[in-house]
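Me: I'd like to learn how to read the overall features of a protein model. Can you walk me through this one?

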Amino acid sequence: MSRKLFPVLLILFLFSMAFSRTVVTFMTQWTGPEYQVIASMAEKFNSIQDEYEVKILSVSNIAEKFLTSLAAGNPPDILHANDQYVAPLVAMGAIEPINDIEKYGVNLDEYRKEALEAIKYKGDLYGVPIKLDIFGIFWNKDLFKKAGLDPDNPPTSLNELMEYAKKLTEYDQNGDIKTLGFDPGYNDKWTWPHVWPYYFGGSLIDKDGKITANAPECVEAYKWFQKLSELYGTKDMLEKFVGGYGPYWSASNQFVSERVVITFSGDWLAKIIDLYNPEMNWGFAPFPSKDEKPRAYTEIDIAVIPKGAKHVDGAKKFLAFVSKPENTLKFLVPVSVLKEDYVNKYRDAMISFPHRDLFQKIAGGVRLFFAPATPVWQEYLTHLTTAFLDVLFLRTTPIDALNDVQKKVSKALKMMSM
Amino acid sequence: MLKKSRKREIIWGIIFVSPWLLGLMIFYVYPMISSFYYSFTKYTVISGPKWIGTFNYEWLISDDIFWKAVANTFYFMMIGVPITQLIALVIAYMFNYLKEMKSISFLKVFYLFPILIPGAILAIVWNLILNSQYGILNSFLRVLKINAPNWLESVQWSKPAIVLVGVWYIGTSMIIYTAALNDIPVELYEAANLDGAKWWTKLWKITVPMISPAVLFNVITGMISIIQLFDLPYILTSGGPSYSSYTWAMFIYDNAFKYMKMGYASAAAWLLFLVTLGLTLMIFTLSRNKIYYGGEG
């Protein structure tokens, strides 16, 4: 009996192997609506061809898990990343360029030029853009009206913003801050310390990739924010007020709960407002630049192919599938990674976003800029965050804080090049 | 020449302990040896290690953040260990004094309870308690007309806040002290009473020497656990503000897993190991003649 059974099982095994599909893994940290979108795309891709089966792996602590899998020689075939991490991943030898992606059907002409530039490093393309988040100031129109300001006209210059911030700040009978005029990012987990030098005409790296944290424009930017904090009161008053902030993605978000009148954030804040305070009357505008030329900080979610991925062909075919406008436009974002012409052409395929026109109008009238491409980005961001918060909470001077960042990040860069 | 049965016993003994030995070799000995080697290399996990000699140690010595982390860790050790041990001892002494009371077991469970809660969850709860505006602690302080500090947001208060939360972990030490106090022969106190000894004399001449091995054990284990402090500051303050609650263990974690500088992190980990070993040996040496193990005359 067993003699007959063995060849039968062997034939069945070989038969199943011959007809089984190659599994392509996509590692992401998305869990919510974005996960549903990418999972439904994988399902659709799996149903229209029989060579590959895409599996979406949703994980927490994605950086650690990805690097561990890479070290073990078993990386995913596609990794979900962010434009800021292209340079560090390339420096570590963790991802491969995908300059040939157009051969698989990705039409790079459809993408916003600046979005593609942001994910190129030393001339090579490393990813396919998936979604984009635009940053700017959100303001509460009702609280503007209450303070006697025109609710439809947000501050358009740095001086005006400072003036509005002062006018909108309220104190209680104990002298504690009750409502803050403008919060540029006092919350240590939701702050963007790297964007400010760009609004003041500076940059965090020079054209040769050298660190320029203490360049005059960076110092000037941080000085402006320290002046803003001094205008609100003392270090203790600010620490006390910020200590009362609730979780960012909740009804107790400082802007959603109307304790902050103007805040700097990514477009996702609109989703938090819609969810927890849909009655709020708000607006969105670019953060004013020193030279008064409108610009907006932007972040892009991208898909990259790790070095050592076993099914590069399948991965590129899936990325080509995701890149089709009718698929990319399924992501619930106000501004697409695609050029506006293509967005209009495929408007029927789009998921409608309630505030899309507002964000689109802003994105159309500003120059989008991105985080600097440096291999020591993670350390740079960490040190800048500490420096920016120290400046905001009046613990140190901008020049001392930025000199310290310059010293530490230059050292990190030196260590990396050893 | 070993007897056949003795030989068999030895073989079986080795077989029985081999899973543990194997685990020890794989999960402790090998990582320790390899991390020592990595501490002399530039290693990002992805690309292979590159020998750079003592550079990691030299960088560490000139790294301000490393020294801040070391200073904070020593603060937690020098302030946290004595405070927690003293509180644990006082409570254990109180339990011992009231041991005839029926509800004493319930009280012991009450004090032991926090150690049953995972550190991460405890930290989240304390995050709410210590909230400077809406936290219950500051609300209570305001009722008492005491100026309520910004516990987790201020550079001055972040470390005391973590020490305060650490006091909740006294359960294990307290149980060890209670057991040690229960083990003291009653005859010693009876003899002292006959000699007319005062409460203070009995405490210093009988209680303290008799529980000294328990004190030594608790101080060493407390020191080792605090020198590795990670979860409480990581969740409560993320090491901030301005690195004021950043610990040695957090420094190792960030360099290893956030910046992928495994060689640098290994160097910091080896220094931590050497300091812990040195402190333990120092405590043993200094306490050699002060610990009473009984039966020595």
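Me: What does the accessible surface of chain A come to, and how much of it belongs to carbon and sulfur atoms?

Reply: Keep in mind that this is a predicted model. The accessible surface of chain A is about 18,000 Å², and carbon and sulfur atoms account for 54% of that. As for what lies beneath, 57% of the 418 residues count as buried, where buried means under 20% relative accessible area.

Me: How many positive and negative side chains does chain A have, and how far apart are the centres of the two sets?

Reply: You count each kind, then look at where each set is centred. Chain A carries 47 positive and 52 negative side chains, with the two centres 4 Å apart.

Me: How many helices and strands are there in chain A?

Reply: There are 17 helices and 13 strands in chain A. The radius of gyration of the chain is 24 Å, close to the 22 Å the globule rule gives for 418 residues, so chain A is as compact as a globular protein of that length. Along its principal axes, the C-alpha trace spans about 90 × 50 × 45 Å.

Me: Which stretches make up the domains of chain A?

Reply: Domain 1 takes 20–134 + 298–369, while domain 2 takes 136–296 + 373–416. Their contact draws on 25 residues from domain 1 of chain A and 27 residues from domain 2 of chain A. The C-alpha centres of these two domains lie 29 Å apart.

Me: And what share of the contacts between residues at least 6 apart in sequence join residues at least 24 apart?

Reply: In chain A, that share is 75%.

Notes: Residues are numbered from 1 along each chain as its sequence is written. Chains are lettered from A and ligands numbered from 1 in the order in which they are written. This is a predicted model: local features need pLDDT of at least 70, side-chain atom pairs count only at pLDDT 80 or more; totals for chains, interfaces and linings use all residues. Side-chain values use heavy atoms; hydrogens and water are left out. Helices (H or I, at least four residues) and strands (E, at least two) are DSSP runs, numbered from the N terminus. The radius of gyration is taken over C-alpha atoms; the globule rule is 2.2 Å times the number of residues to the power 0.38. Buried means under 20% relative accessible area, exposed over 50%, partly exposed in between (1.4 Å probe, protein chains only). Contact means heavy atoms within 4.5 Å. Accessible areas come from the Shrake-Rupley method with a 1.4 Å probe; for residues, only the protein chains shown count as cover. Lys and Arg count as positive and Asp and Glu as negative; His and the chain ends are not counted. The place of a charge is taken as NZ of Lys, CZ of Arg, CG of Asp or CD of Glu. Domain bounds come from an automatic or database domain assignment.
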